[in-house]
Amino acid sequence: MEVKKAEEMIPAVCIWDRISVRQEPFRGAAVVTRLNLGEQVTYLGISSIDTTYRNQVYFRICLSDQRVAWVPAFSLVTGASPAVVKEEAAVY
């Protein structure tokens, strides 16, 4: 398992519904909760690669209740905030 560290706190939004949030950065780790589509978290600038499962990249995050855990990187957009479209719009 390779861990890359940074000293950043970056806002992030979950783009996957009911994604597993894990205690450790690998697929077999205990699930502590799930994130819903549009939920906002803080990416702590730390990533890890699970070499036992398709080189899956995990991000270390801080949840709204201040718990720290790991989530698959594909499930987050970093540097983002949740938003709502209030008028009809063409989406491509």
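These questions and answers go through a predicted model of one protein chain.

Q: What makes up the protein chain, in helices and strands?
A: The protein chain has eight strands and zero helices. Read from the N terminus, its elements run β-β-β-β-β-β-β-β. Along the principal axes, its C-alpha atoms fill a box of roughly 45 × 25 × 25 Å.

Q: How many disulfides are there, and how do you know?
A: The count comes to zero. A disulfide needs two cysteine sulfur atoms within 2.5 Å. For the sulfur of Cys-14, the closest cysteine sulfur is in Cys-62, 15 Å away. That is too far for a bond, so Cys-14 is not in a disulfide. From the side of Cys-62, the closest cysteine sulfur is that of Cys-14, again at 15 Å and too far for a bond.

Q: Why are Cys-14 and Cys-62 called buried?
A: Buried means under 20% relative accessible area. Cys-14 has 1%, so Cys-14 is buried. Cys-62 has 11%, so Cys-62 is buried too. Across the 92 residues of the protein chain, 36% count as buried.

Q: Why does Leu-37 count as exposed?
A: The cut-off for exposed is over 50%. Leu-37 has 58% relative accessibility, so Leu-37 counts as exposed. Its place is the loop between β4 (31-35) and β5 (40-50). Leu-37 also joins Ile-15 and Val-77 in a nonpolar surface patch of about 260 Å².

Q: Why does Arg-18 count as partly exposed?
A: Partly exposed covers what lies between under 20% and over 50%. Arg-18 has 49% relative accessibility, so Arg-18 counts as partly exposed. This residue lies in the loop between β2 (10-14) and β3 (19-22). Its phi is near 65 degrees, a positive value in a residue other than glycine.

Q: What makes Arg-54 an exposed residue?
A: Exposed means over 50% relative accessible area. Arg-54 has 70%, and therefore Arg-54 is exposed. Arg-54 sits in the loop between β5 and β6 (56-62). Phi of Arg-54 is near 55 degrees, positive in a residue other than glycine.

Q: What share of the contacts joins residues 24 or more positions apart?
A: The share is 53% of the contacts in the protein chain with a separation of 6 or more. A contact here means heavy atoms within 4.5 Å.

Q: What supplies the area that the protein chain exposes?
A: The protein chain exposes about 6200 Å². Carbon and sulfur atoms supply 50% of that area.

Terms used. Residues numbered from 1 in each chain as written. Predicted model: local features only at pLDDT ≥ 70, side-chain atom pairs only at ≥ 80, totals over all residues. Heavy atoms only, no water. Buried < 20%, exposed > 50% of the residue type's maximum accessible area, 1.4 Å probe, protein only. Patch = residues over 30% accessible without salt bridge, like charges linked within 9 Å, V, L, I, M, F, W, Y side chains within 5 Å. Areas by Shrake-Rupley, 256 points an atom, 1.4 Å probe, with all protein chains shown as cover. Salt bridge = Lys/Arg side-chain N within 4 Å of Asp/Glu carboxyl O. Helix = DSSP H or I, 4+ residues; strand = E, 2+ residues; numbered from the N terminus.
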